[in-house]
Amino acid sequence: MKVKTSVMRNPRILILGLSTLVSGIGNWITMMAVLAIVVFRGTGGILESSAIFLAGLLPMLVASPAAGWLADRYDRKKLMIVSESVAGLSVVGLVFTAEPVLIYGMLALQAVFVSLMIPARQAALPDLVAEHELTQANAFFQQLNGVVKIIAPMLAGFVLTVLTPHQAILLDVLSFAASALILTRLPVLHPQAIQNPACEEKPTPDAVQAESSLRRAFHLAPSLKWLFISIFLGITVIMGLDVLASVFIRDVLADTEQFYGIMVGLIGVGTFAATLILMFRRKAANPWHDLVAGIFLLSGIPAVMVVSALWAPNAALARTLVLAGSLLGGVGNGLLTVQMHTLLQTLSPRGLLGRLVGLYETTAVAGQLVSVLLVPALVPGLMTMTLFLSVSSGMLVVVGTLILLKSRSFRDLQEVPAAKAAHSLSQIG
(Lines give C-alpha, C1' and ligand atoms only; values in the text may rest on other atoms or scores of the structure.)
Protein backbone atom coordinates (compact mmCIF):
# COMPACT_ATOMS: atom_id res chain seq x y z
CA MET A 1 0.00 0.00 0.00
CA LYS A 2 1.55 3.30 -1.10
CA VAL A 3 0.29 6.74 -0.24
CA LYS A 4 0.47 9.13 -3.17
CA THR A 5 -0.06 12.39 -1.32
CA SER A 6 2.57 14.97 -0.39
CA VAL A 7 4.77 13.99 2.55
CA MET A 8 3.65 16.98 4.63
CA ARG A 9 0.01 16.13 3.94
CA ASN A 10 0.44 12.46 4.73
CA PRO A 11 -1.20 11.84 8.12
CA ARG A 12 0.70 8.59 8.62
CA ILE A 13 4.06 10.30 8.23
CA LEU A 14 2.92 13.02 10.63
CA ILE A 15 1.89 10.36 13.17
CA LEU A 16 5.29 8.69 12.90
CA GLY A 17 6.99 12.08 13.09
CA LEU A 18 5.08 13.10 16.22
CA SER A 19 6.02 9.82 17.88
CA THR A 20 9.69 10.41 16.97
CA LEU A 21 9.58 13.96 18.33
CA VAL A 22 7.97 13.01 21.65
CA SER A 23 10.27 10.07 22.43
CA GLY A 24 13.34 11.98 21.21
CA ILE A 25 12.75 14.82 23.66
CA GLY A 26 12.17 12.29 26.44
CA ASN A 27 15.44 10.52 25.65
CA TRP A 28 17.37 13.79 25.92
CA ILE A 29 15.80 14.48 29.32
CA THR A 30 16.92 11.07 30.56
CA MET A 31 20.43 11.49 29.15
CA MET A 32 20.93 14.85 30.86
CA ALA A 33 19.32 13.58 34.07
CA VAL A 34 21.71 10.61 34.12
CA LEU A 35 24.69 12.91 33.52
CA ALA A 36 23.45 15.07 36.39
CA ILE A 37 23.22 12.04 38.71
CA VAL A 38 26.57 10.49 37.78
CA VAL A 39 28.76 13.48 36.86
CA PHE A 40 27.46 16.96 37.67
CA ARG A 41 25.94 16.08 41.05
CA GLY A 42 28.02 12.98 41.69
CA THR A 43 31.69 12.12 41.66
CA GLY A 44 31.96 10.66 38.15
CA GLY A 45 34.69 11.70 35.73
CA ILE A 46 35.66 11.01 32.12
CA LEU A 47 35.47 7.24 32.57
CA GLU A 48 31.93 7.39 33.95
CA SER A 49 30.84 9.86 31.29
CA SER A 50 32.21 7.59 28.54
CA ALA A 51 30.50 4.59 30.12
CA ILE A 52 27.12 6.31 29.83
CA PHE A 53 27.53 6.70 26.07
CA LEU A 54 28.99 3.22 25.61
CA ALA A 55 26.03 1.74 27.48
CA GLY A 56 23.80 3.13 24.75
CA LEU A 57 26.03 2.09 21.84
CA LEU A 58 27.36 -1.40 22.58
CA PRO A 59 23.96 -3.15 22.91
CA MET A 60 22.85 -1.71 19.57
CA LEU A 61 25.90 -3.21 17.90
CA VAL A 62 24.60 -6.67 18.79
CA ALA A 63 20.84 -6.07 18.86
CA SER A 64 20.35 -4.17 15.58
CA PRO A 65 20.75 -7.20 13.24
CA ALA A 66 18.24 -9.16 15.32
CA ALA A 67 15.90 -6.17 15.32
CA GLY A 68 16.17 -6.00 11.53
CA TRP A 69 15.32 -9.69 11.25
CA LEU A 70 12.21 -9.13 13.38
CA ALA A 71 11.20 -6.17 11.20
CA ASP A 72 11.18 -8.52 8.20
CA ARG A 73 9.02 -11.07 10.02
CA TYR A 74 6.40 -9.22 12.06
CA ASP A 75 4.01 -6.28 11.83
CA ARG A 76 6.24 -3.20 12.03
CA LYS A 77 3.53 -1.14 13.73
CA LYS A 78 3.37 -3.66 16.60
CA LEU A 79 7.17 -3.80 16.82
CA MET A 80 7.37 -0.01 17.14
CA ILE A 81 4.67 0.03 19.84
CA VAL A 82 6.37 -2.80 21.75
CA SER A 83 9.74 -1.06 21.42
CA GLU A 84 8.47 2.21 22.90
CA SER A 85 6.45 0.48 25.64
CA VAL A 86 9.19 -1.84 26.88
CA ALA A 87 11.90 0.83 26.57
CA GLY A 88 9.74 3.04 28.78
CA LEU A 89 9.47 0.28 31.37
CA SER A 90 13.26 -0.15 31.41
CA VAL A 91 13.65 3.56 32.14
CA VAL A 92 11.44 3.26 35.25
CA GLY A 93 14.29 1.54 37.06
CA LEU A 94 16.45 4.66 36.71
CA VAL A 95 14.05 6.52 38.99
CA PHE A 96 15.05 4.40 41.98
CA THR A 97 18.86 4.30 41.82
CA ALA A 98 21.93 6.52 41.77
CA GLU A 99 24.35 3.59 41.54
CA PRO A 100 26.39 4.00 38.32
CA VAL A 101 26.65 0.27 37.56
CA LEU A 102 22.87 -0.16 37.78
CA ILE A 103 22.37 2.95 35.66
CA TYR A 104 24.67 1.59 32.95
CA GLY A 105 22.81 -1.71 32.98
CA MET A 106 19.38 -0.09 32.61
CA LEU A 107 20.63 2.23 29.86
CA ALA A 108 21.97 -0.83 28.03
CA LEU A 109 18.61 -2.57 28.44
CA GLN A 110 16.83 0.49 27.11
CA ALA A 111 19.18 0.57 24.10
CA VAL A 112 18.28 -3.03 23.26
CA PHE A 113 14.57 -2.23 23.15
CA VAL A 114 15.07 1.08 21.33
CA SER A 115 17.04 -0.80 18.66
CA LEU A 116 13.76 -2.49 17.66
CA MET A 117 12.33 0.87 16.67
CA ILE A 118 14.89 1.97 14.08
CA PRO A 119 14.70 -0.89 11.54
CA ALA A 120 10.92 -1.09 11.91
CA ARG A 121 10.49 2.64 11.26
CA GLN A 122 12.91 2.80 8.33
CA ALA A 123 11.48 -0.35 6.75
CA ALA A 124 7.93 1.00 7.13
CA LEU A 125 8.57 4.25 5.22
CA PRO A 126 8.30 2.71 1.73
CA ASP A 127 4.81 1.49 2.73
CA LEU A 128 3.75 4.97 3.84
CA VAL A 129 4.96 7.11 0.92
CA ALA A 130 5.47 6.71 -2.79
CA GLU A 131 9.01 5.84 -3.89
CA HIS A 132 9.62 9.28 -5.38
CA GLU A 133 8.78 10.80 -1.97
CA LEU A 134 11.32 8.81 0.02
CA THR A 135 13.97 11.55 -0.14
CA GLN A 136 11.47 14.10 1.18
CA ALA A 137 10.28 11.71 3.92
CA ASN A 138 13.84 11.00 5.07
CA ALA A 139 14.62 14.73 4.99
CA PHE A 140 11.55 15.35 7.16
CA PHE A 141 12.74 12.89 9.80
CA GLN A 142 16.25 14.32 9.68
CA GLN A 143 14.71 17.75 10.30
CA LEU A 144 12.89 16.38 13.31
CA ASN A 145 16.18 14.99 14.65
CA GLY A 146 17.72 18.42 14.17
CA VAL A 147 14.85 20.14 15.98
CA VAL A 148 15.13 17.67 18.86
CA LYS A 149 18.88 18.32 19.18
CA ILE A 150 18.23 22.06 19.32
CA ILE A 151 15.28 22.26 21.71
CA ALA A 152 15.62 19.11 23.81
CA PRO A 153 18.90 19.95 25.63
CA MET A 154 17.59 23.42 26.52
CA LEU A 155 14.25 21.99 27.64
CA ALA A 156 16.02 19.29 29.67
CA GLY A 157 18.22 21.91 31.31
CA PHE A 158 15.14 23.89 32.33
CA VAL A 159 13.38 20.76 33.61
CA LEU A 160 16.38 19.92 35.79
CA THR A 161 16.18 23.34 37.44
CA VAL A 162 12.61 22.60 38.49
CA LEU A 163 12.70 18.84 39.15
CA THR A 164 15.26 16.47 40.60
CA PRO A 165 17.01 14.21 38.04
CA HIS A 166 14.98 11.20 39.20
CA GLN A 167 11.72 13.13 38.85
CA ALA A 168 12.77 14.31 35.39
CA ILE A 169 13.29 10.72 34.25
CA LEU A 170 9.58 10.11 34.88
CA LEU A 171 8.89 12.50 32.00
CA ASP A 172 10.81 10.16 29.71
CA VAL A 173 8.67 7.26 30.90
CA LEU A 174 5.59 9.32 30.01
CA SER A 175 7.08 10.23 26.63
CA PHE A 176 7.54 6.55 25.74
CA ALA A 177 3.95 5.85 26.76
CA ALA A 178 2.69 8.80 24.71
CA SER A 179 4.74 7.70 21.71
CA ALA A 180 3.35 4.16 21.89
CA LEU A 181 -0.18 5.57 22.08
CA ILE A 182 0.44 7.81 19.06
CA LEU A 183 1.73 4.85 17.05
CA THR A 184 -1.56 2.99 17.52
CA ARG A 185 -3.02 5.39 14.93
CA LEU A 186 -0.85 3.87 12.18
CA PRO A 187 -2.25 1.21 9.85
CA VAL A 188 -1.09 -2.39 9.99
CA LEU A 189 2.40 -2.57 8.45
CA HIS A 190 3.01 -6.19 7.51
CA PRO A 191 6.49 -6.95 6.09
CA GLN A 192 6.83 -8.20 2.54
CA ALA A 193 8.58 -11.46 3.29
CA ILE A 194 10.61 -13.28 0.65
CA GLN A 195 8.52 -16.16 -0.53
CA ASN A 196 9.44 -19.75 -1.27
CA PRO A 197 8.26 -20.37 -4.86
CA ALA A 198 7.35 -23.96 -3.99
CA CYS A 199 4.81 -22.69 -1.47
CA GLU A 200 3.79 -19.05 -1.90
CA GLU A 201 2.37 -18.71 1.60
CA LYS A 202 5.49 -19.89 3.46
CA PRO A 203 8.29 -17.38 4.05
CA THR A 204 11.80 -18.83 3.88
CA PRO A 205 12.40 -20.00 7.48
CA ASP A 206 15.99 -21.17 7.49
CA ALA A 207 18.56 -18.81 9.05
CA VAL A 208 21.22 -20.01 6.63
CA GLN A 209 18.98 -19.11 3.71
CA ALA A 210 18.36 -15.69 5.28
CA GLU A 211 22.10 -15.08 5.51
CA SER A 212 22.48 -16.29 1.95
CA SER A 213 19.73 -13.87 0.94
CA LEU A 214 21.68 -10.95 2.38
CA ARG A 215 24.76 -11.97 0.41
CA ARG A 216 22.59 -12.30 -2.67
CA ALA A 217 21.19 -8.81 -2.07
CA PHE A 218 24.70 -7.34 -2.18
CA HIS A 219 25.39 -9.39 -5.31
CA LEU A 220 22.26 -8.14 -7.08
CA ALA A 221 22.85 -4.53 -5.98
CA PRO A 222 26.65 -4.05 -5.99
CA SER A 223 26.43 -0.38 -5.09
CA LEU A 224 25.01 -1.40 -1.69
CA LYS A 225 28.62 -2.24 -0.82
CA TRP A 226 29.67 1.32 -1.59
CA LEU A 227 26.73 2.62 0.40
CA PHE A 228 27.85 0.71 3.48
CA ILE A 229 31.45 1.86 2.99
CA SER A 230 30.14 5.43 2.92
CA ILE A 231 28.09 4.82 6.05
CA PHE A 232 31.01 3.40 8.00
CA LEU A 233 33.58 5.97 6.86
CA GLY A 234 31.23 8.94 7.25
CA ILE A 235 30.22 7.98 10.80
CA THR A 236 33.83 7.18 11.75
CA VAL A 237 35.09 10.57 10.57
CA ILE A 238 32.20 12.49 12.17
CA MET A 239 32.73 10.74 15.51
CA GLY A 240 36.49 11.30 15.23
CA LEU A 241 35.80 15.02 14.81
CA ASP A 242 33.55 14.94 17.88
CA VAL A 243 36.35 13.35 19.91
CA LEU A 244 39.04 15.78 18.73
CA ALA A 245 37.12 19.03 18.27
CA SER A 246 37.17 20.24 21.88
CA VAL A 247 40.91 19.54 22.26
CA PHE A 248 41.65 21.15 18.89
CA ILE A 249 39.75 24.29 19.85
CA ARG A 250 41.53 24.51 23.20
CA ASP A 251 45.08 23.70 22.07
CA VAL A 252 45.23 25.02 18.49
CA LEU A 253 42.70 27.84 18.35
CA ALA A 254 43.20 28.79 22.01
CA ASP A 255 39.45 29.18 22.44
CA THR A 256 36.78 27.94 24.84
CA GLU A 257 33.64 25.85 25.02
CA GLN A 258 31.64 28.80 23.71
CA PHE A 259 33.40 28.50 20.34
CA TYR A 260 32.79 24.74 20.41
CA GLY A 261 29.09 25.40 20.91
CA ILE A 262 29.03 27.80 17.96
CA MET A 263 30.86 25.28 15.77
CA VAL A 264 28.44 22.46 16.62
CA GLY A 265 25.51 24.83 16.15
CA LEU A 266 26.68 25.79 12.64
CA ILE A 267 26.99 22.12 11.69
CA GLY A 268 23.41 21.73 12.84
CA VAL A 269 22.31 24.78 10.85
CA GLY A 270 23.99 23.41 7.72
CA THR A 271 22.37 20.00 8.23
CA PHE A 272 18.96 21.58 8.65
CA ALA A 273 19.47 23.71 5.51
CA ALA A 274 20.34 20.60 3.50
CA THR A 275 17.19 18.80 4.65
CA LEU A 276 15.10 21.82 3.64
CA ILE A 277 16.67 21.79 0.18
CA LEU A 278 16.00 18.08 -0.25
CA MET A 279 12.51 18.25 1.13
CA PHE A 280 11.26 21.08 -1.07
CA ARG A 281 13.37 20.51 -4.20
CA ARG A 282 11.01 20.06 -7.12
CA LYS A 283 13.46 18.73 -9.67
CA ALA A 284 14.30 15.03 -9.44
CA ALA A 285 17.95 14.27 -8.76
CA ASN A 286 20.16 11.19 -8.53
CA PRO A 287 20.59 10.38 -4.81
CA TRP A 288 24.15 9.18 -5.51
CA HIS A 289 25.10 12.67 -6.69
CA ASP A 290 23.76 14.17 -3.46
CA LEU A 291 25.62 11.54 -1.44
CA VAL A 292 28.92 12.27 -3.20
CA ALA A 293 28.41 16.02 -2.76
CA GLY A 294 27.76 15.37 0.92
CA ILE A 295 30.99 13.38 1.28
CA PHE A 296 33.05 16.11 -0.38
CA LEU A 297 31.46 18.87 1.74
CA LEU A 298 31.89 16.84 4.93
CA SER A 299 35.58 16.34 4.11
CA GLY A 300 35.89 20.12 4.33
CA ILE A 301 35.56 20.18 8.12
CA PRO A 302 38.80 18.30 8.89
CA ALA A 303 40.46 20.02 5.90
CA VAL A 304 39.77 23.55 7.16
CA MET A 305 40.85 22.51 10.65
CA VAL A 306 44.22 21.50 9.18
CA VAL A 307 44.50 24.78 7.28
CA SER A 308 43.46 26.79 10.34
CA ALA A 309 46.20 25.04 12.35
CA LEU A 310 48.74 26.38 9.83
CA TRP A 311 47.28 29.86 10.20
CA ALA A 312 46.81 29.64 13.96
CA PRO A 313 48.90 32.80 14.61
CA ASN A 314 46.16 34.69 12.76
CA ALA A 315 43.50 33.70 15.26
CA ALA A 316 40.58 35.55 13.68
CA LEU A 317 41.21 34.02 10.24
CA ALA A 318 41.72 30.52 11.66
CA ARG A 319 38.47 30.65 13.61
CA THR A 320 36.54 32.06 10.65
CA LEU A 321 37.78 29.20 8.47
CA VAL A 322 36.68 26.59 11.01
CA LEU A 323 33.23 28.13 11.34
CA ALA A 324 32.77 28.41 7.57
CA GLY A 325 33.91 24.82 7.11
CA SER A 326 31.52 23.68 9.84
CA LEU A 327 28.56 25.29 8.10
CA LEU A 328 29.40 23.73 4.73
CA GLY A 329 30.24 20.43 6.37
CA GLY A 330 26.85 20.49 8.05
CA VAL A 331 25.22 20.80 4.62
CA GLY A 332 27.26 17.78 3.55
CA ASN A 333 26.20 15.86 6.64
CA GLY A 334 22.55 16.52 5.83
CA LEU A 335 22.88 15.43 2.20
CA LEU A 336 24.82 12.32 3.20
CA THR A 337 22.50 11.20 5.99
CA VAL A 338 19.22 11.70 4.11
CA GLN A 339 20.35 10.08 0.88
CA MET A 340 21.97 7.13 2.67
CA HIS A 341 18.52 6.28 4.01
CA THR A 342 16.87 6.88 0.62
CA LEU A 343 19.33 4.67 -1.23
CA LEU A 344 19.07 1.94 1.38
CA GLN A 345 15.28 1.91 1.02
CA THR A 346 15.29 1.98 -2.80
CA LEU A 347 18.14 -0.48 -3.45
CA SER A 348 17.15 -3.07 -0.85
CA PRO A 349 14.80 -5.92 -1.76
CA ARG A 350 11.62 -5.22 0.20
CA GLY A 351 11.70 -8.57 1.95
CA LEU A 352 15.18 -7.82 3.32
CA LEU A 353 14.82 -4.13 4.10
CA GLY A 354 14.50 -4.61 7.85
CA ARG A 355 17.65 -6.75 8.04
CA LEU A 356 19.60 -4.33 5.88
CA VAL A 357 18.49 -1.40 8.07
CA GLY A 358 19.64 -3.42 11.09
CA LEU A 359 22.99 -3.97 9.38
CA TYR A 360 23.10 -0.24 8.63
CA GLU A 361 22.66 0.57 12.33
CA THR A 362 25.33 -1.95 13.31
CA THR A 363 27.71 -0.41 10.76
CA ALA A 364 27.01 3.08 12.09
CA VAL A 365 27.56 2.04 15.72
CA ALA A 366 30.75 0.21 14.73
CA GLY A 367 32.03 3.42 13.11
CA GLN A 368 31.33 5.36 16.29
CA LEU A 369 33.06 2.79 18.47
CA VAL A 370 36.09 2.68 16.18
CA SER A 371 36.54 6.42 16.59
CA VAL A 372 35.93 6.41 20.34
CA LEU A 373 38.54 3.68 20.85
CA LEU A 374 41.00 4.39 18.03
CA VAL A 375 41.42 8.16 18.17
CA PRO A 376 42.83 8.25 21.73
CA ALA A 377 45.17 5.38 20.80
CA LEU A 378 46.52 7.18 17.71
CA VAL A 379 46.58 10.84 18.77
CA PRO A 380 48.99 12.12 19.88
CA GLY A 381 51.03 8.99 20.51
CA LEU A 382 51.40 7.77 16.91
CA MET A 383 50.39 10.81 14.87
CA THR A 384 49.73 14.48 15.35
CA MET A 385 46.24 15.87 15.44
CA THR A 386 46.71 17.67 12.10
CA LEU A 387 47.98 14.49 10.43
CA PHE A 388 44.96 12.55 11.67
CA LEU A 389 42.61 15.25 10.39
CA SER A 390 44.41 15.25 7.03
CA VAL A 391 44.03 11.47 6.73
CA SER A 392 40.33 11.72 7.65
CA SER A 393 39.68 14.33 4.99
CA GLY A 394 41.71 12.41 2.39
CA MET A 395 39.82 9.16 3.04
CA LEU A 396 36.50 10.89 2.46
CA VAL A 397 37.73 12.48 -0.76
CA VAL A 398 39.02 9.14 -2.08
CA VAL A 399 35.76 7.32 -1.36
CA GLY A 400 33.69 10.16 -2.82
CA THR A 401 35.83 10.16 -5.97
CA LEU A 402 35.55 6.39 -6.39
CA ILE A 403 31.77 6.53 -6.04
CA LEU A 404 31.62 9.39 -8.53
CA LEU A 405 33.70 7.43 -11.06
CA LYS A 406 31.44 4.41 -10.62
CA SER A 407 28.19 6.39 -10.80
CA ARG A 408 27.63 5.41 -14.44
CA SER A 409 27.65 1.71 -13.58
CA PHE A 410 25.48 2.43 -10.55
CA ARG A 411 22.86 3.91 -12.87
CA ASP A 412 23.15 0.96 -15.25
CA LEU A 413 22.63 -1.47 -12.36
CA GLN A 414 20.15 0.61 -10.47
CA GLU A 415 20.44 -1.71 -9.68
CA VAL A 416 18.11 -4.49 -9.88
CA PRO A 417 14.72 -2.92 -9.11
CA ALA A 418 13.55 -3.95 -5.66
CA ALA A 419 10.69 -6.07 -6.99
CA LYS A 420 12.97 -7.89 -9.44
CA ALA A 421 15.57 -8.43 -6.73
CA ALA A 422 12.96 -9.84 -4.39
CA HIS A 423 11.83 -12.23 -7.13
CA SER A 424 15.41 -13.34 -7.76
CA LEU A 425 16.03 -13.81 -4.06
CA SER A 426 12.94 -15.96 -3.76
CA GLN A 427 14.66 -18.50 -5.99
CA ILE A 428 17.14 -19.24 -3.21
CA GLY A 429 14.56 -21.33 -1.39
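The chain holds 16 helices and 2 strands, where helices (H or I, at least four residues) and strands (E, at least two) are DSSP runs numbered from the N terminus. This is a predicted model, in which local features need pLDDT of at least 70, side-chain atom pairs count only at pLDDT 80 or more, and totals for chains, interfaces and linings use all residues. Residues are numbered from 1 along each chain as its sequence is written, and side-chain values use heavy atoms, with hydrogens and water left out.

**Exercise 1. Find what share of the chain is buried, and how its contacts are spread along the sequence.**

Step 1: Buried means under 20% relative accessible area, exposed over 50%, and partly exposed in between (1.4 Å probe, protein chains only). Of the 429 residues, 51% are buried.

Step 2: Contact means heavy atoms within 4.5 Å. Among contacts between residues at least 6 apart in sequence, 85% join residues at least 24 apart.

**Exercise 2. Check the span of helix 7, then place I182.**

Step 1: The expected span is 1.5 Å times one less than the number of residues. Helix 7 (residues 165-183) has 19 residues and should therefore span 27 Å; its end C-alpha atoms are 28 Å apart, which agrees.

Step 2: Buried residues of helix 7 include A168, I169, D172, V173 and F176. I182 lies in this helix too, and its relative accessible area is 18%, so I182 counts as buried.

Step 3: Now look for partners of I182. Not counting residues up to four places away in sequence, I182 touches I15, L18, S19 and V22. The C-alpha atoms of I182 and L16 are 7.9 Å apart, although 166 residues separate the two along the chain.

**Exercise 3. Describe how helix 9 and helix 13 cross, and where S371 sits.**

Step 1: Axes are lines fitted to C-alpha atoms, for helices over the stretch in contact, with angles from 0 to 180 degrees between N-to-C directions. The axes of helix 9 (residues 223-251) and helix 13 (residues 353-378) come within 8 Å and cross at roughly 35°.

Step 2: The residues of this contact divide into 16 nonpolar, 6 polar and no charged. Here Ala, Val, Leu, Ile, Met, Phe, Trp, Tyr, Cys and Pro count as nonpolar, Asp, Glu, Lys and Arg as charged, and the others, Gly among them, as polar.

Step 3: S371 is found in helix 13 and is buried because its relative accessibility is 2%. Leaving aside neighbours within four places in sequence, S371 is in contact with T236, M239, G240, V243 and P376.
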